[in-house]
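Here are a few exercises to work through with the structure open in front of you. Try each task before reading its solution.

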Amino acid sequence: MQMPRKEIIDLRSDTVTLPTEEMLDAIRHAKLGDDVYGEDPTVKKLEEMAAEKMGKEAALLVTSGTQANLVSLMNNAKRGDLVFLEAESHIYWYEGGGISSIAGLLPWLIKGDFGAINPEDIEAAIRPKNIHFPEPSLICIENTHNRYGGTIVTPSQMRAISEVAKKHGLKFYMDGARIFNAAVALRIDVKEFTRHVDNLMFCLSKSLSCPVGSVVVGGQQFIDRARKTRKVLGGGMRQAGIIAAAGIVALEKMIDRLEEDHRNAKQLAEGIAKITGVKVDLEAVQTNMVRFDISNLGVPDELFVLKLKENNVLVSTMAKNSLRMVTHRGIEKVHIEKAIIAMESIVKELQSKKQA
Ligand SMILES: Cc1ncc(COP(=O)(O)O)c(C=O)c1O
């Protein structure tokens with residue numbers, strides 16, 4: 001007799017989402033051409049839709065969020081310039097240092113509050129022109145903020161940052177990998193965020209369920225330059241309509257459902273917050289991520305992650321004693337309940353071993 005396969009509840013990231021049947025159909029039937037020659041109609045359509053949705057002139061499909069950030073950094077600042085970044089930003093932590101090794105920029109870190117940089121801290125960090133100082137040219141924010149657990153930088157916080165940028169002649173860029181999560185959570189149009197920045201990127205391959213791709217959005221001249229940079233970085237793709245086709249479905253069909261991921265994240269957070277020894281800051285659970293602290297359990301992170309895995313629940317480690325769960329399409333209420341039960345029983349087992 002064959003044993004039923006155990007269902008894995010993969011809460012490591014929303015990047016694990018698989019394309020929908022509709023996306024696969026759209027890929028199969030996409031009209032294609034050579035996009036390096038500017039001849040792929042499906043890519044053109046996606047880029048036009050993205051620009052329109054974001055309220056900007058133009059857009060560019062790129063291979064990944066990392067490439068989107070790199071291309072954008074390289075076209076918002078020149079080598080040797082100083083870039084203001086939130087201290088926990090993805091660009092600084094997880095993009096292989098490309099900001100320095102490829103873009104040739106100096107990251108200047110400013111600690112934010114739930115991921116939002118205080119405009120006064122930027123103002124204070126801007127020094128007068130001086131032969132000794134690198135020239136600042138760009139402010140980057142991340143929205144939602146990954147390492148803070150999917151927190152939102154609100155439109156009014158963004159407006160205040162944009163005023164500092166304007167006052168000092170700096171460009172303002174948003175790593176909006178999950179900006180639709182922010183818009184859905186606050187029930188506002190995404191343009192309420194994007195109107196404050198010169199340019200931005202968002203990801204198709206995270207909670208929107210596409211297999212590949214991110215989009216850089218901004219003014220026409222910026223996008224024209226970005227297209228050239230993307231080519232230089234090896235990101236000129238030929239029949240890229242097979243990627244864009246899924247992206248079009250994502251923009252049409254996958255945004256509103258993010259609300260379900262947010263509801264599930266709340267339920268997950270509230271459930272694990274009740275477990276003795278596990279700490280969750282419920283105020284930080286604003287979209288589809290739940291960060292939790294296990295320092296009071298007194299067990300190594302690896303052991304706890306392994307125990308969860310043995311119970312078919314996958315999570316990520318973000319820092320010592322700090323783990324993360326991310327909800328996404330494919331994770332339903334029943335999985336949330338199972339994950340909470342698994343965690344409760346692991347903690348009980350660990351605590352009874354400690355007492356023995
Ligand atoms: C906020 C943020 N920016 C950029 C990226 C990079 O995206 P990619 O993994 O597609 O390179 C990620 C990836 O998780 C992210 O969370």
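**Exercise 1: Glu259 and its partner**

Glu259 has a relative accessibility of 30%, so this residue counts as partly exposed. Keep in mind that the model you are looking at is predicted.

Task: Which residue forms a salt bridge with Glu259, and how far apart are the closest N and O atoms?

Solution:
- Step 1. The partner is Arg187, and the closest N and O atoms of the pair are 2.8 Å apart.
- Step 2. Glu259 belongs to helix H12 (residues 258–273), while Arg187 sits in the loop between helix H8 (179–186) and helix H9 (191–194), so the salt bridge ties together parts that are 72 residues apart in sequence.
- Step 3. Now check exposure: the relative accessible area of Arg187 is 66%, and exposed means over 50%, so Arg187 is exposed.

**Exercise 2: A link across the sequence**

Task: Which parts does the salt bridge between Lys338 and Glu7 tie together?

Solution:
- Step 1. Start with the contact: the side chains of Lys338 and Glu7 form a salt bridge with an N to O distance of 4.0 Å.
- Step 2. Lys338 is in helix H14 (residues 333–355) and Glu7 is in the segment before strand E1 (9–10), so the pair joins parts 331 residues apart in sequence.
- Step 3. Lys338 has a relative accessible area of 43% and is partly exposed. Glu7, at 45%, is also partly exposed.

**Exercise 3: Another pair, and a network**

Task: Are Lys191 and Asp189 buried or partly exposed?

Solution:
- Step 1. Their side chains meet in a salt bridge, at 3.9 Å from N to O.
- Step 2. Lys191 has 31% relative accessibility, which makes this residue partly exposed.
- Step 3. Asp189 is partly exposed at 42%.
- Step 4. For a wider view, the whole structure holds 19 salt bridges. Elsewhere, Glu88, Lys111 and Arg147 are linked in a salt-bridge network.

**Exercise 4: Reading a sheet**

Task: In what order do the 4 strands of the open sheet run, and which strands are at the edge?

Solution:
- Step 1. The order is E9-E10-E13-E12, with antiparallel pairing.
- Step 2. Look for strands that pair on one side only: these edge strands are E9 (279–280) and E12 (316–319).
- Step 3. Next, follow E10 (residues 289–293) and E13 (residues 322–326), which pair in the antiparallel sense over 5 bridges.
- Step 4. To find a bridge by residue, take Val290: its bridge partner in E13 is Met325.

Technical notes. Residues numbered from 1 in each chain as written. Predicted model: local features only at pLDDT ≥ 70, side-chain atom pairs only at ≥ 80, totals over all residues. Heavy atoms only, no water. Pairing = 2+ DSSP bridges. Helix = DSSP H or I, 4+ residues; strand = E, 2+ residues; numbered from the N terminus. Buried < 20%, exposed > 50% of the residue type's maximum accessible area, 1.4 Å probe, protein only.
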